[in-house]
Amino acid sequence: MSSSTFRSLVALPPPCWTNTAHKHGVKVLGTFITEWEEGKRICNKLLSTKESAEMYAERLVELAVALRFDGWLINMEVELELGQIPNLKAFVSYLTERMHSAVTGSLVIWYDSVTTDGKLNWQNQLNEKNKPFFDISDGIFVNYTWKKNYPKQSAVVAGDRKFDVYMGIDVFGRGTFGGGQWNTSVALDVLKNDGVSAAIFAPGWIYETNQPPNFQTAQNHWWALVEKSWGITQNYPIVLPFYSNFDQGHGYHVSKEGRKVSDSSWCNIYSQSFQPLLPFTDNSSPDGIQVHVDFRESSYSGGGNITFKGNLEDNADFTARLFQGHLLLEDLPLHFTYSVKSENNSRLGLFLSFVSTLNKKKSVLLVSWNSHHFSSKFSTVIRTSQLEKPGTAPGWVIEESSIRMKGHILTEIHVLCYRSKPEFDERIPKSKSSQDDSCAHNSTEYYAVLGHISMKSCGQNSVFPPSDMWLVQGQYIQWTTGSEDTKYLSLKITWKMKDGNDSEFSTYNIYVEKLAEGKPKGEQSCLGVAKVEAFYVYDLAAPSDTSSIKFIIQVCGGDGSSQKLDDSPVFLLGTAA
């Protein structure tokens with residue numbers, strides 16, 4: 001669960017945050033906070049009558065419904081008159097009831113601030129002074145300066161709702177138990193042992209204090225410590241289709257089928273894919289395989305990939321966890337595809353863990369080259385086939401396979417790094433000379449990149465509507481003139497089905513192509529990704545020889561597939577004033 005905590009009366013989570021969190025099974029809350037003198041003036045109006053309190057609560061419900069987030073964190077950090085408390089309770093109670101009826105699974109969380117006697121007195125535990133608010137909401141976010149015995153005492157007060165008590169931890173360490181920062185897990189260990197929940201405040205400490213050696217490494221290290229203490233609470237895949245290109249929603253390029261379609265740095269959390277649960281390593285040792293999400297190396301899809309680099313002996317292998325899921329397999333076979341780019345005889349396979357309804361475990365290995373020693377380590381070894389996909393960039397190989405495991409639950413997906421023997425693998429390109437081939441084979445250096453992974457039931461293919469079924473329009477079109485006769489275009493592009501039905505697709509890649517007298521001036525370039533049927537373009541340069549600009553709306557399926565650009569709906573705009 002995450003919440004928007006900017007210091008304003010109503011803080012609304014950006015839709016891109018909400019969509020990305022929901023993809024990963026995380027609920028998102030807005031924040032309603034009153035503080036200082038301005039907050040007291042607002043409370044005097046809000047709590048003047050029961051009707052006023054319920055009216056303002058209704059407005060908060062409408063905001064959550066419109067923006068599709070999951071509820072509210074209520075923080076009343078002001079002194080109140082004792083006579084205002086009944087209306088405050090009416091506000092919280094009404095908001096909770098209406099959110100439950102309007103948004104399935106919604107939450108209203110009370111922050112441990114003002115007490116039932118109107119005092120701004122943080123209790124740092126659940127007790128008789130804040131429990132009345134706890135009783136009419138979905139939980140309490142307890143202030144973060146609690147003592148060691150407070151979680152256990154709060155659990156007793158909460159009774160069978162002890163998991164609705166979220167004990168606060170300030171990662172900056174301002175009076176928080178254990179000191180926060182790199183010792184945040186000290187508090188987490190106590191909370192887990194006492195059977196209550198945790199509310200981690202300000203994990204942005206890692207970025208804001210520039211923790212060494214760099215943000216990505218420090219971020220991974222810090223969350224690895226949280227995982228070690230608390231475990232993994234989210235499982236995926238749980239439904240099909242499942243697709244991940246490991247994109248984190250930012251990068252330095254965008255690729256499609258291994259080919260760069262943009263080489264500009266970008267940030268769009270809408271694009272974030274399911275994130276792998278990679279084990280953390282500090283890269284301090286040159287031996288073994290180092291694993292990390294890479295934004296610099298060329299990707300197969302989007303702007304990220306997983307790179308495996310290090311040393312690996314010929315007959316050795318290395319595994320790394322990707323995902324931890326709970327996917328029940330049914331009658332139809334499960335179809336896998338994944339993209340790999342590697343050097344020399346470095347190879348990647350997928351190691352799948354299953355459990356039956358009788359709790360019997362089974363392991364399945366998907367590899368492009370089989371070695372006899374795999375058979376003794378895995379229940380089943382399946383050799384993949386290479387998928388020939390026109391347009392795939394050189395160096396990338398698409399592996400595919402299908403398995404039938406009816407009644408089994410897929411619990412984990414790992415990558416297995418290994419080496420193949422070039423003389424037995426016809427898919428490895430021959431070296432230019434026997435000396436080069438010998439050097440490559442004798443080296444222990446290992447390098448491979450995993451570009452994406454896709455799973456779906458056999459026959460579960462995306463069918464894209466023909467381009468003439470879409471209505472694509474441009475709105476708020478504005479041209480400005482720059483230097484050397486270059487024009488700049490800003491507009492909003494919208495699209496919808498002509499028959500008035502809602503589209504079953506939720507992801508669209510937006511491309512642009514500049515034309516001179518009807519002929520392309522260069523390659524099609526990717527502008528970005530939309531999760532709604534609209535996209536804004538700002539200050540797109542159109543040189544003087546550009547006669548028209550074509551915007552292409554590429555429809556994308558949930559399995560990672562996408563409509564061919566030539567078959568996609570377009571919006572064509574002339575540059576003539």
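Q: What makes up the secondary structure of this chain, in helices and strands?
A: This is a predicted model, and its chain holds 11 helices and 33 strands.

Q: Why is the chain called as compact as a globular protein of that length?
A: Set the two values side by side: the radius of gyration is 28 Å, and the globule rule gives 25 Å for 577 residues. The two are close, so the chain counts as being as compact as a globular protein of that length. Along the principal axes, its C-alpha atoms fill a box of roughly 85 × 70 × 50 Å.

Q: What makes strand β18 "mostly covered"?
A: A residue is buried when its relative accessible area is under 20%. In β18, residues 334-342, 7 of the 9 residues are buried, so by that cut-off the strand is mostly covered. For the chain as a whole, buried residues make up 48% of the 577.

Q: How do you know that β18 and strand β23 pair?
A: Pairing needs at least two bridges between the strands. β18 and β23 (residues 396-403) have 8 bridges and run antiparallel, so they qualify as a pair. One place to look is V340, which stands opposite V397 in β23.

Q: What makes strand β25 a partner of β18?
A: The two strands are joined by 9 bridges in the antiparallel sense, with β25 spanning residues 445-457. With at least two bridges needed, they pair. Here K341 has V449 of β25 as its bridge partner.

Q: How many of the chain's contacts between residues at least 6 apart in sequence join residues at least 24 apart?
A: The share is 72%.

Terms used: Residues numbered from 1 in each chain as written. Predicted model: local features only at pLDDT ≥ 70, side-chain atom pairs only at ≥ 80, totals over all residues. Heavy atoms only, no water. Helix = DSSP H or I, 4+ residues; strand = E, 2+ residues; numbered from the N terminus. Rg over C-alpha atoms; globule rule 2.2 N^0.38 Å. Buried < 20%, exposed > 50% of the residue type's maximum accessible area, 1.4 Å probe, protein only. Contact = heavy atoms within 4.5 Å.
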